[in-house]
Amino acid sequence: MGFDYKAAFDHSLSAIKAEGRYRVFANLERQRGNFPIATRYREDGSAQDVVVWCSNDYLGLGQDPDVLAAMHNALDDVGAGAGGTRNIAGTTKYHVALEKELASLHDKDSALLFTSGYISNEATLSSFSRLLPGCVILSDELNHASMIQGIRGGRGPKLIWRHNDAAHLDELLSSLPADVPKVVAFESVYSMDGDFAPIADILDVTEKHGAFTYLDEVHGVGLYGEKGGGLAQQLGLSDRIDCIEGTLGKAFGIMGGYITGDASMVDAVRSYASSFIFTTALSPVLVAGAIASVRALRDGQDLRRHHQAQAQQLKDKLRAARLPVMDSPSHIVPLWVGNAVQCKAVSDILLDRFGIYVQPINYPTVPKGTERLRFSPSPLHTDEQVEALVSALNTIWSELSLARAAA
Ligand SMILES: *Cc1c(COP(=O)(O)O)cnc(C)c1O
């Protein structure tokens, strides 16, 4: 008879279905030049126009005419793929130019490209335990799965500090011998709560203990800072951070990830990190688009201001309607539901009845009991779209008798 593989897979699936956190992907077709509208295909093949409220293409750069032109040109000039790993025929003039551009964006010596932000975190953090013998990694408890995976992959010792708690970090660092290498890993903007790390406080602590700082700016790059170099740049703190990691897939609207920092650190990761070395380089088409996008957002102050204003407008209107918007200083607008089944129900009704698409955020992305909807308003969402969203939520909150915020 042997082992019943299908039954084992099905058993795993029914477990998450019972908890209401089985993931169903919306089948979307983005409409070029019409951000944030997309066509959604239902399972029966019928179609519907929807307003997308949860895209990480925060500024619509994935639709920018200059970015698209750069990609068309690269495709016509050099073809589809890189043709190899970075070491074996896959490094093109586009990769070299983008790495220069990214180092300059963050005012650092060097940068290194990866195939995604996830891989950049996983590859870099897992290589540190080999590059820094005896290294202890201190990780904020709400760090992204890709950092956690990298830290685990390094198989070195790790300590978890309470979210955004610089005093707790100080305590943990004080418990370690002075000559042990210490890497402090955290994010600038935490995308599920939309909160900011107290970067200056953390740096005061890490500098006191001689720790190396690793900052994930995935939700900051393109959106904060005078050149779009992230929250650390906006706060004038970039030069105090040893390694800044970012993505090309969110505000820059394309795909890929990177780290920047001192030349020897970047060169060592380039030389040791397995998931950098043994994989095909990003397509030059993507890289050409990213160059155009990073350059466009260097002068993106107006767009950044408009982005923040739209986020503020949505927060204000949700609050005025006594919908339980969670406090956040950033461009991310989380709305509390607190229950996986209800969270999915709200999202389904928004989509089916109102043509509004926002994915429910459930465990394990957030802890159980803290399920929420997470809106990402962009400068391209119109005031009418904001109104329509708040009015639809208001209706659903009443129909389902969901808890309102205090007046
Ligand atoms: C999305 C995300 C990543 C991964 O970036 P990708 O380019 O999408 O792979 C890394 N860190 C954080 C905090 C993220 O939210």
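In this predicted model, helix α4 passes helix α12 in a left-handed crossing. The two helices, α4 with residues 93-105 and α12 with residues 284-298, have axes that come within 9 Å and cross at roughly 25°. Angles under 35 degrees count as roughly parallel, and so α4 is roughly parallel to α12. A look at the side of each helix that takes part helps to fill in the picture. From α4, the residues Y94, H95, A97, L98, E101, L102, S104 and L105 take part in the contact, and they meet P284, V287, A288, A290, I291, V294, R295 and R298 of α12. Sorted by class, this contact between α4 and α12 has 11 nonpolar residues, together with two polar and three charged ones.

Attention can now turn to the empty space in the model. Rolling a probe the size of a water molecule over the atoms shows where such space is left. The structure holds two cavities of 30 Å³ or more. The largest cavity contains about 70 Å³ of space. Its lining is made up of R86, H95, L113, F114, T115, S275, F276, T279, T280, A281 and L282. Two elements, β4 (110-114) and α11, give two or more residues each to this lining. One familiar name appears here: H95 lines the largest cavity and is also among the α4 residues that meet α12. By class, the lining of the largest cavity divides into five nonpolar residues, five polar residues and one charged residue.

The second largest cavity holds about 30 Å³ of space. Around this cavity lie S129, C135, I137, I151, G154, R155, G156 and P157. Four of these lining residues are nonpolar, three are polar and one is charged.

Pockets, too, can be described in this way. The second largest pocket has a volume of about 180 Å³. It is lined by 13 residues, and S126, S127, R130, G153 and G154 are the ones that lie nearest its centre. G154 therefore links two descriptions, for a cavity and a pocket are both lined by residues with an atom within 4 Å of a point; G154 lines the second largest cavity as well. Three helices, α5 (117-131), α6 (145-154) and α11 (274-277), each supply at least two residues of the pocket lining. Of the elements involved, α5 gives the most, with six residues. Within the lining of the second largest pocket, seven residues are polar, three are nonpolar and three are charged. Helix α11 thus appears in two places, in the lining of this pocket and in that of the largest cavity.

Terms used:
Residues are numbered from 1 along each chain as its sequence is written. This is a predicted model: local features need pLDDT of at least 70, side-chain atom pairs count only at pLDDT 80 or more; totals for chains, interfaces and linings use all residues. Side-chain values use heavy atoms; hydrogens and water are left out. Axes are lines fitted to C-alpha atoms, for helices over the stretch in contact, and angles run from 0 to 180 degrees between N-to-C directions. Helices (H or I, at least four residues) and strands (E, at least two) are DSSP runs, numbered from the N terminus. Angles under 35 degrees count as roughly parallel, over 145 as roughly antiparallel, 65 to 115 as roughly perpendicular and the rest as oblique. A crossing is left-handed if the near helix is turned anticlockwise from the far one by less than a right angle, and right-handed if clockwise. Contact means heavy atoms within 4.5 Å. Ala, Val, Leu, Ile, Met, Phe, Trp, Tyr, Cys and Pro count as nonpolar, Asp, Glu, Lys and Arg as charged, and the others, Gly among them, as polar. On a 1 Å grid over the protein atoms alone, a cavity is a set of points where a 1.4 Å probe fits but cannot get out, and a pocket is an open set with protein on both sides within 12 Å along at least five of seven lines; lining residues have an atom within 4 Å of a point. Grid points are joined across faces, edges and corners, and a volume is the space filled by probe spheres set on the points.
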